[in-house]
Amino acid sequence: MGKQDSGPSKSSIILQTVLLAVAVAAVLYLLASYVLKVQRANLFRGSLGFWMVFAIGLVLRIVLAITQDGFKADIGCFASWSNRMATIGPMQFYGQGTFCDYPPLYMLFSSILTGIQALLNPNGSLTEGGGLLLLKSPAILCDMLTAWLLFKIGKKKLNSKVGTL
């Protein structure tokens, strides 16, 4: 009995992701240098450097969210909680015999994501492909918001170069 090919290996996916990030970085750098006539040495003086790093980070997060499963137990819990909240609503969600250590507002938001996933792909799952991206989107959005806030604080307190770092 031979092992069936289950698609690309994890290392292949990671390599493709890194290559994609490098390609996006190169294109953004060249575009910024050409369109904005920015000298290479001055790229990180303003906010442009941050937005380039931000865009690369966002692309990486989206690609990794789709291609990497994450911790099975966590993904399973998030999907189950989202489906439960969408099915029975908030009044019965935290009932007896149910474990959930996330606050109600997050669970309400995740149930909206379940509804979006059901509209876009009624037969799909929150644990694979686009559904997995939807399930991971609150964390991605919060990470990107945190990066932006840290940039703003660093830029205000010190300078944009430090803010970008």
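Before you click on anything, here's a handy rule: a residue counts as buried under 20% relative accessible area, exposed over 50%, and partly exposed in between. Keep in mind that you're looking at a predicted model.

**Stop 1: Tyr102.** Select Tyr102 and try the rule. Its relative accessibility is 31%, so Tyr102 counts as partly exposed. You'll find Tyr102 in the loop between helix H4 (90-93) and helix H5 (104-120).

**Stop 2: Phe78.** Now add Phe78, which sits in helix H3. Is Phe78 buried or exposed? With a relative accessible area of 17%, Phe78 is buried.

**Stop 3: the rings together.** The structure holds seven aromatic pairs, and you have one on screen. The ring centres of Phe78 and Tyr102 are 5.3 Å apart and the planes are at 80 degrees, so this pair is edge-to-face. The two residues are 24 apart in the chain, so to speak, distant parts linked by the pair.

**Stop 4: Tyr106.** Next, select Tyr106 in helix H5. Tyr106 is partly exposed, at 21% relative accessible area. Phe78 also makes an edge-to-face pair with Tyr106, with 6.5 Å from centre to centre and 65 degrees between the planes. Add Trp81 as well: Phe78, Trp81, Tyr102 and Tyr106 form one aromatic cluster.

**Stop 5: the largest pocket.** Keep Phe78, Tyr102 and Tyr106 selected, since they are among the residues lining the largest pocket. Others to add include Gly70, Asp74, Leu135 and Lys136. The pocket's volume is about 230 Å³. Which helices each supply at least two residues of the lining? Those are helix H3 (72-88) and helix H6 (129-157). Colour the lining by class and you'll get seven nonpolar, one polar and two charged residues.

Note on methods. Residues are numbered from 1 along each chain as its sequence is written. This is a predicted model: local features need pLDDT of at least 70, side-chain atom pairs count only at pLDDT 80 or more; totals for chains, interfaces and linings use all residues. Side-chain values use heavy atoms; hydrogens and water are left out. On a 1 Å grid over the protein atoms alone, a cavity is a set of points where a 1.4 Å probe fits but cannot get out, and a pocket is an open set with protein on both sides within 12 Å along at least five of seven lines; lining residues have an atom within 4 Å of a point. Grid points are joined across faces, edges and corners, and a volume is the space filled by probe spheres set on the points. Helices (H or I, at least four residues) and strands (E, at least two) are DSSP runs, numbered from the N terminus. Ala, Val, Leu, Ile, Met, Phe, Trp, Tyr, Cys and Pro count as nonpolar, Asp, Glu, Lys and Arg as charged, and the others, Gly among them, as polar. Rings of Phe, Tyr and Trp (its six-membered ring) pair if their centres lie within 6.5 Å; planes under 30 degrees apart count as stacked, over 60 as edge-to-face and the rest as tilted. Buried means under 20% relative accessible area, exposed over 50%, partly exposed in between (1.4 Å probe, protein chains only).
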